[in-house]
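Reader: I should like to examine how the descriptive terms applied to this model follow from its geometry. Please set each value against its criterion.

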Amino acid sequence: MARWEGPLKKIDDYRWEIPMEYKTGMRVPGLIYASEDMLESIREEQAAEQVVNVAFLPGIVGHSLAMPDIHWGYGFPIGGVAATRVEDGVISPGGVGYDINCGVRLLRTNLREDEVRPKIEELLSLLFTNVPSGLGSTGKIKVGKKEMDDILTDGARWAVKRGFGTEDDLEVTEERGCLKGADPDEVSIKAKERGSPQSGTLGSGNHFLEVQVVGEIYDQPAARAMGIDDAGQVLLLIHTGSRGLGHQVCDDYVRTLREAMQRHGIEVPDRELACAPVKSAEGRSYLAAMACAANYAWANRQCITHWSRECFVRVFGHSLREIGLEMVYDVAHNIAKIESYEVNGKKLSLCVHRKGATRAFPAGHQSLPARYREVGQPVLIPGDMGRYSFVAVGTDRAVKESFGSVCHGAGRRMSRHAAKRGVRDADVARDLAARGIIAKAASRGGLAEEASEAYKDVAEVVEVCHRAGLCRKVIKAYPLGVVKG
Amino acid sequence: MKKFDVVEHTADTGIVAYGTDMPEAFANAAYGMFSLMADLRQVREETSRYIEAEAGDWESLVVSWLNELLYIFDAERIVFRRFDILQVTNTRLKADAYGEKVDPSRHRLRSGVKAATYHMLKVVESKDHCSIRVIFDV
């Protein structure tokens with residue numbers, strides 16, 4: 001792929017602007033958060049040009065933003081954030097992605113590394129059997145048409161009602177696991193048919209369950225608010241999304257909005273940037289369908305949480321209360337939300353697209369649960385399976401600058417195909433084992449595709465966000481064992 | 001003639017499918033997509049589905065056709081290995097697809113494909129050679 005040669009004007013050590021003069025039609029400048037060292041690899045692909053394309057969207061305000069985990073995506077770059085005015089701006093499914101509400105959920109435990117390590121094989125095997133994963137896997141819950149509509153409307157709340165988890169889990173889930181405005185009638189029958197057999201499945205690709213151990217703690221009070229007390233404590237991280245249901249919703253609406261765009265007289269530089277006015281019939285339909293897919297994903301993570309808890313109870317032989325497998329937080333990193341921000345001194349209702357970006361609200365924000373009011377919203381930033389992950393908290397600066405958003409992970413630097421070339425799953429597994437990490441994968445080639453080398457170092461990504469002031473690091477955790485979908 | 005080549009993309013994977021005519025290129029594009037998901041040598045032809053797709057042009061038709069197959073894969077868990085294109089114009093396709101239900105004990109399954117996308121999508125038609133380039137979100 002051609003190198004990107006556009007202008008990157010240095011604002012400070014972590015901010016690089018693409019001026020509006022670069023291309024006629026840009027409504028706002030672009031802004032990429034990165035260190036100087038990262039620029040070379042960012043220029044290797046056309047992701048920065050996608051930041052420029054996004055700047056063409058009608059109603060966009062502030063900057064077309066990209067987080068340091070930026071890489072090429074469909075329409076929007078991964079790591080892209082854009083806010084458009086609800087009043088006269090557009091919504092684009094390309095700003096959300098095919099895997100609507102792909103996201104992460106972190107749980108803490110009272111277990112210590114030395115208790116878990118001897119039983120890690122047993123735990124992973126049980127998780128592997130108890131949580132359906134891999135291509136073509138089907139869920140353990142059979143849902144009919146009526147129940148599917150309940151999932152789409154109620155999200156994680158549906159799961160809790162069915163006995164999968166508790167009210168406390170909802171308290172620490174973004175939107176309490178249920179995005180308002182969901183209308184199952186706006187979701188095609190095809191999407192529901194794709195989602196029905198997959199309810200409560202992990203999926204394949206980069207989705208995983210990871211047993212981790214706390215390493216460094218950078219912010220003791222914030223960690224304590226999350227139920228994390230010291231190094232050596234064991235955590236569980238769940239990463240999955242809305243499966244085939246979300247993919248179908250995206251595909252359906254990219255098509256609908258491409259046609260709508262002509263009717264509304266909107267022109268964008270890329271077909272995958274199909275969009276429609278937020279307030280148009282098509283825009284509203286997409287938002288209602290997207291909310292359904294988001295809710296499906298939250299229900300999915302809630303079911304997986306429940307089955308994971310069963311596994312921990314069986315393997316460690318204590319009660320769930322003793323194990324203390326309680327939720328820290330659950331965040332979406334592929335979603336569009338209607339939120340209010342001050343722009344040029346004016347309070348505006350905005351449609352914030354976060355595509356491979358995480359919401360990061362600061363301490364004191366009214367939408368945070370009491371538990372996090374004083375420290376800020378936990379931001380979960382998984383790395384690749386061979387290295388480490390971070391938990392951070394949102395800051396006021398993120399609200400002022402990036403519409404309360406921050407990075408979401410490491411960001412790929414190698415295609416899955418390239419990562420796999422000449423590398424066998426067994427080699428990757430052996431390599432991980434040598435570093436004390438046990439990995440199990442449902443798909444052939446699943447480990448090789450997701451090997452560390454295929455990703456940027458998440459520590460560098462998080463460091464940029466931390467130093468730019470968009471979030472504050474709280475802890476770093478290391479993997480003990482991974483179940484890959 | 002080779003059915004398809006895999007093309008690389010940062011996070012994702014694509015294919016270029018070949019054919020002496022459009023029906024063959026469309027069939028090979030579908031074959032290429034399912035090859036990314038499973039080892040098709042172990043897949044039997046035990047069931048078939050009749051598929052119709054419509055779109056505004058050749059390129060969009062490719063996306064409609066492949067995404068229709070992905071929908072059946074998710075909804076019915078059928079992995080397809082052979083495609084009989086009964087009719088194809090630049091706006092309409094009719095085909096029979098043959099394969100069988102996913103059986104993890106017998107099939108070597110790889111990673112899933114979420115969707116065929118419009119990115120870098122290209123259909124080339126000449127007298128005795130056609131090709132289809134499509135990138136998948138995986």
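Reader: At what angle do helix H1 and helix H2 of chain B pack, and how far apart are their axes?

Author: The model is a predicted one. In it, helix H1 (residues 22-37) of chain B packs against helix H2 (residues 58-76) of chain B at about 45 degrees, and their axes are 10 Å apart.

Reader: Why is H1(B) called oblique to H2(B)?

Author: Angles under 35 degrees count as roughly parallel, and 65 to 115 as roughly perpendicular. The angle of about 45 degrees falls in neither range, so H1(B) is oblique to H2(B). The crossing of the two helices is right-handed.

Reader: Which residues make the contact between H1(B) and H2(B), and what are their classes?

Author: H1(B) contributes B:Phe26, B:Ala29, B:Ala30 and B:Met33, while H2(B) contributes B:Val62, B:Trp65, B:Leu66 and B:Leu69. Ala, Val, Leu, Met, Phe and Trp are among the residues that count as nonpolar. The contact therefore has eight nonpolar residues, no polar and no charged ones.

Reader: On which strands do these two helices lie?

Author: H1(B) lies across E4 and E5 of chain B and runs at about 170 degrees to E4(B). H2(B) lies across E3, E4 and E5 of chain B, at about 145 degrees to E3(B).

Reader: What makes E3 and E4 of chain B edge strands?

Author: The open sheet of three strands has the order E3-E5-E4 in chain B, with antiparallel pairing. Strand E3 (47-54) and strand E4 (78-88) of chain B each pair on one side only, and they are the edge strands. Neighbouring strands of this sheet are turned by 25 degrees against each other on average, direction ignored.

Reader: How do you know that E4(B) and E5(B) are paired?

Author: Pairing requires at least two bridges between the strands. E4(B) and strand E5 (residues 92-101) of chain B have nine bridges, in the antiparallel sense, and therefore meet that criterion. Within this pairing, B:Arg82 stands opposite B:Tyr98 in E5(B).

Reader: How is the open sheet of chain A ordered, and why is one side of E1 and of E12 left without a neighbour?

Author: Seven strands of chain A form an open sheet in the order E1-E2-E3-E4-E5-E13-E12, with mixed pairing. Strand E1 (9-12) and strand E12 (334-343) of chain A stand at the edges with a single partner strand each, so one side of each has no neighbour in the sheet. The twist averages 25 degrees from one strand to the next.

Reader: What makes E3 and E4 of chain A a pair?

Author: Three bridges join strand E3 (residues 30-33) to strand E4 (residues 60-71) of chain A, and the two run parallel. At least two bridges are needed, so the strands count as paired. A:Ile32 stands opposite A:Ala66 in E4(A).

Reader: Which helices are placed on this part of the sheet?

Author: Helix H2 (residues 47-54) of chain A lies across strand E2 (15-18), E3, E4 and strand E5 (78-85) of chain A, running at about 160 degrees to E4(A). Helix H17 (residues 458-468) of chain A also packs on the sheet, where E2, E3 and E4 of chain A are touched, and its direction makes about 145 degrees with that of E4(A).

Reader: Why are H5(A) and H11(A) called roughly perpendicular?

Author: Helix H5 (residues 145-154) of chain A packs on H11(A) at about 95 degrees, with the axes 6 Å apart. Angles of 65 to 115 degrees count as roughly perpendicular, and the two helices are therefore described in that way. The contact is made by A:Ile151, A:Leu152, A:Thr153 and A:Asp154 of H5(A) and by A:Cys292, A:Asn295, A:Tyr296 and A:Ala299 of H11(A). These residues divide into five nonpolar, two polar and one charged.

Reader: How do H4(A) and H11(A) cross?

Author: The axes of helix H4 (residues 120-130) and helix H11 (residues 281-316) of chain A come within 9 Å and cross at roughly 145 degrees. The crossing is right-handed. By class, this contact has six nonpolar, two polar and three charged residues.

Reader: How many residues of each chain are in contact, and which element of chain A gives the most?

Author: 35 residues of chain A are in contact with 27 residues of chain B. H10(A) gives the most to the side of chain A that touches chain B, with five residues. That side divides into eight nonpolar, 15 polar and 12 charged residues.

Terms used
Residues are numbered from 1 along each chain as its sequence is written. Chains are lettered from A and ligands numbered from 1 in the order in which they are written. This is a predicted model: local features need pLDDT of at least 70, side-chain atom pairs count only at pLDDT 80 or more; totals for chains, interfaces and linings use all residues. Helices (H or I, at least four residues) and strands (E, at least two) are DSSP runs, numbered from the N terminus. Axes are lines fitted to C-alpha atoms, for helices over the stretch in contact, and angles run from 0 to 180 degrees between N-to-C directions. Two residues are in contact if their C-beta atoms, placed from the backbone, lie within 7 Å. Angles under 35 degrees count as roughly parallel, over 145 as roughly antiparallel, 65 to 115 as roughly perpendicular and the rest as oblique. A crossing is left-handed if the near helix is turned anticlockwise from the far one by less than a right angle, and right-handed if clockwise.
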